[in-house]
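Trainee: Could you take me slowly through one part of this protein, the nonpolar core and the aromatic rings in it?

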Amino acid sequence: MSLAVAGSLYPDTRSTALEESIMTATYTFDVFSSLDGFGAASGNWTGYWGKQGPELLDHRLALYGTEQRMVFGANTYRAFAQMLASATKDSEARDPWVTRMRNLPATVVSTTLEGSLDWPDATVVSGDAVDVVARLKQESEMPLRSHGSLSMNRALMAAGLVDHVQVTLFPVITGQTGLDPIFQDAADFDLELIESRTLDGHTQELIYRPALHV
């Protein structure tokens, strides 16, 4: 299994596609978060901060059951690949929704990855993430989704390319052990809540439409 490696889709100058083209594919930034805004934690926290339940896992599987294209930055792709390669049969990395995500088509934005990589249907695209995703939004026949890839998605939000921010908010505070602050150094945004649900009685899924605050 290998990833095709494509050359840069764009010249060095920033594309004017944002202003000149109608973008049809929606892009969702999908992220797990502690209550205090961290995407992960050290210490004795486990995956999902130990708060996963059947409703969450069933909902995630249904969410990834529809046709869509994943978009990853290089660091997140590497983390997923390493996690899956070392995962045991009973590991959370083998949860059905993760397996489904891995079998969706994917675009990996990177200037460093090359050669054969272990992902069934993915393309490595070299270039600026804003330009790459702007092009994908014009050309993709299916919705776009990114799970993780925090710095890339902060840049995409600032460029106005993220249609939905989907936060799964777990009932924990990790003030001493929190890692990967999700919105650190991000721009300021107003958020319109368009959907919400409670899963397993304690985990919140919140879907927002972001707009740069001016």
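Mentor: What follows is a close look at that core, and at one ring pair in particular. This is a predicted model, in which local features need pLDDT of at least 70 and side-chain atom pairs count only at pLDDT 80 or more, while totals for chains, interfaces and linings use all residues. Residues are numbered from 1 along each chain as its sequence is written, and side-chain values use heavy atoms, with hydrogens and water left out.

A nonpolar core here is a set of buried Ala, Val, Leu, Ile, Met, Phe, Trp, Tyr and Cys residues joined through side-chain atoms within 4.5 Å, where buried means under 20% relative accessible area with a 1.4 Å probe, protein chains only. The largest such core has 27 residues, and Tyr-64, Met-70, Phe-72, Trp-97, Met-101 and Trp-119 touch the most other members. Among the elements that each supply at least two of its residues are helix 2 (54-63), strand 4 (69-73) and helix 3 (74-86), helices being DSSP runs of H or I with at least four residues and strands runs of E with at least two, numbered from the N terminus. Helix 3 gives the largest share, 4 residues.

Rings of Phe, Tyr and Trp (its six-membered ring) pair if their centres lie within 6.5 Å, and planes under 30 degrees apart count as stacked, over 60 as edge-to-face and the rest as tilted; the count by this rule is 10 aromatic pairs. Phe-72 and Trp-119 have ring centres 5.5 Å apart and planes at 70°, so they form an edge-to-face pair. Because Phe-72 lies in strand 4 and Trp-119 in the loop between strand 5 and strand 6, the pair ties together parts 47 residues apart in sequence. Phe-72 is buried at a relative accessible area of 0%, and Trp-119 also counts as buried, at 1%.

How values were computed. Buried means under 20% relative accessible area, exposed over 50%, partly exposed in between (1.4 Å probe, protein chains only).
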